[in-house]
Amino acid sequence: MRRTSFVIFSLLIMPFFLARPSVAQNVNRAADLPDDGVALTPPMGWYPWNEFGQEPQNQKLIEEIAAALVTSGMKEAGYQYVGPDEGICFSRDSSGKLTSNLERYPSGLRGLGDLIHKQGLKYALYTDAGTHTCSKAMPGTKDHEFDDMQAFANWRADYIKVDWCNTEGQDVAQSYTKLRDALRAAGRPIVFSLCSWGEGEPWKWAASVGNLWRTTGDICGPGKADWANAMKITAANEKLYTAARPGHWNDPDMMISGMNGLSETQNRSFFSLWCMMAAPLMAGNDLRRMTPSTVRILTNPEAIGINQDPLGIQGRIVRREGEIEIWAGKPLFDGSQAVLVFNPGAAPAELRLAWTDLGLEESASLYVHDLWTHQTTGPRQRGISLSLAPTDAALLRLSRSSAFPLPPILVADSYLLSFRAAGPASQKLTGVLTVKTNGSDVLPPWKVQPGLPAWLSVAVRRNGKSQTFTNTVSTAGLAKGSYHALVRADNLEPRSGKPTSSLYYDVDLEVSR
Ligand code: GLA
């Protein structure tokens, strides 16, 4: 167990001043995607590959994992996206159209999406930019880009991971750019996750194409975490920190915390590194069988708070002493900053962390909050000293204030409302959806974007940290048939004034005259 001891180096009190030490920019900035408000903070969710590989991916597994997301408290902590990876979900019929694999997914891929949305979770699907997915068990999008992206939109995906297998002769940037155009043509805002394992150096151009891009190869083979490989991936991803920003993230792959092969200390350090790198927090362990320690790690609101910070800055290594790494350069929305001190070595280590290591005035008077012990000490001047066991990390927040507020963490009771109007008379029906934030502040009222169909109106009411969306459907003048609307609402984080990720939900209306 880690021992953290804080030592006062000086009693001088001077104003706290945040500075990012200047570093060479290693990334060319292309124009970002036009704003559709998705993934403004790193996506959080679960994907099957690390634990299960292809087997036994099926509807039962995805439903059980979705249920575990809710019962474990992970949904409450901010995890949202869930769905199959290369889980033999669909095939291509003789007319070229994608059809659901009903043997594995009896509700069909649209039905599975509805089940996920009704629990206030978001739906993730998977495909490939080449002719086939990696195992060749599923068709890829090559030469079917527009039809396939339409199919994913029709299944109501909110997130699509696009792999890079079987792409002989294809150019990475061109292929993913075509898929971006196809996604936009499909008309549903969908988080676009590029998975070329760093091929084509997507960090240089992909902000104009998608929301996240894998920076490296796979973090492990199915079923067993690989700490050494995770450390190599961390080193590669760390260097790309200038590319990360709201809506666009370096993706060092799904998480391995909670899988076989890691100690409790490594689980915690891994999670600390992913939070510090503003990496997508896609859990990869079996959520149905978690130890209390794994749950505590994956749901730590204070660690998640730095990952979900609205400024969207990726931390980086600012100094090494022996094997110990000091990670900083991550200012947060309230003027505090995140610091990670990591001992990847095999021996215990002691370190003096000086404020000047972090680009701060030596005389700054700072409170130090430990995001794992939840203890605040201070104010301290000059620095602190730390002792770290092998592979352990201290994840800290430093601030002039002792408050340490959390950014918005959004939790909805549902992302799908379904109405049925039977009989010839015109009807008015209402359905309510509730969204709350588990951050420290009350959010301003959500603003529903104009452009709803004439049969739907939405009123927002605020009650502390919860807000209700009352949806009123009027069937006057509507012919028999099925109607659909996608509602978007926007909000701002009050302290930084930065936009929060937009809220999208589906409304279905079935009129049987
Ligand atoms: C690649 C990806 C993995 C996973 C598998 C599926 O290896 O990098 O994350 O999606 O394909 O075959």
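**Aromatic pairs, a ligand shell and enclosed cavities**

The count of aromatic pairs comes to 13. The model behind this count is predicted. One of the pairs joins Tyr-81 and Tyr-159. Their ring centres are 5.2 Å apart, and the planes meet at 45°, so the pair is classed as tilted, a label for angles that are neither under 30 degrees nor over 60. Tyr-81 sits in strand β2, residues 81-82, while Tyr-159 belongs to strand β6. The pair therefore ties together parts that lie 78 residues apart in sequence.

Next comes the ligand. The residues around the ligand include Trp-49, Glu-86, Tyr-126, Cys-134 and Asp-163. Lys-161, Cys-195, Trp-197 and Met-254 are also among them. By class, this shell holds 6 nonpolar and 6 charged residues, with no polar ones.

Three charged members of the shell deserve a look at atom level. Asp-85 places a polar side-chain atom 2.7 Å from a ligand oxygen. For Asp-218, the distance from a polar side-chain atom to an oxygen of the ligand is 2.5 Å. Arg-214 has a polar side-chain atom 3.2 Å from a ligand oxygen. How much of the ligand does the protein bury? On its own the ligand exposes 300 Å², and the protein buries 93% of that.

Now turn to the enclosed space. Rolling a probe the size of a water molecule over the atoms shows where empty space is left. The structure holds 5 cavities of 30 Å³ or more. The largest cavity has about 450 Å³ of space. Its lining is made up of 32 residues, and those closest to the centre are Thr-41, Gln-80, Lys-122, Leu-410 and Ser-501. Strand β26, residues 503-512, gives the largest share of this lining, with 4 residues. The classes there are 19 nonpolar, 8 polar and 5 charged.

The second largest cavity offers about 80 Å³. Its lining includes Tyr-47, Ser-193, Leu-212, Asp-251, Asp-253, Pro-280 and Met-282. Three elements give two or more residues each: β6 (159-163), β7 (191-195) and β8 (212-214). The lining divides into 7 nonpolar, 1 polar and 4 charged residues.

Which residues link this cavity to the earlier features? Lys-161, Cys-195, Arg-214 and Met-254 line the second largest cavity, and these four also stand around the ligand. Tyr-159 is part of the lining as well, and it is the partner of Tyr-81 in the tilted pair. Arg-214 thus appears in the cavity lining and also in a 3.2 Å approach to a ligand oxygen.

Definitions and conventions
Residues numbered from 1 in each chain as written. Predicted model: local features only at pLDDT ≥ 70, side-chain atom pairs only at ≥ 80, totals over all residues. Heavy atoms only, no water. Near = heavy atom within 4 Å. Polar contact = N/O pair within 3.5 Å; in protein donor to acceptor, adjacent residues only side chain to side chain. Areas by Shrake-Rupley, 256 points an atom, 1.4 Å probe, with all protein chains shown as cover. Nonpolar A, V, L, I, M, F, W, Y, C, P; charged D, E, K, R; others polar. 1 Å grid on protein atoms, 1.4 Å probe; cavity = no way out; pocket = protein on both sides within 12 Å on 5 of 7 lines; lining within 4 Å. Points joined across faces, edges and corners; volume = space filled by probe spheres on them. Phe/Tyr/Trp six-rings, centres within 6.5 Å; stacked < 30°, edge-to-face > 60°.
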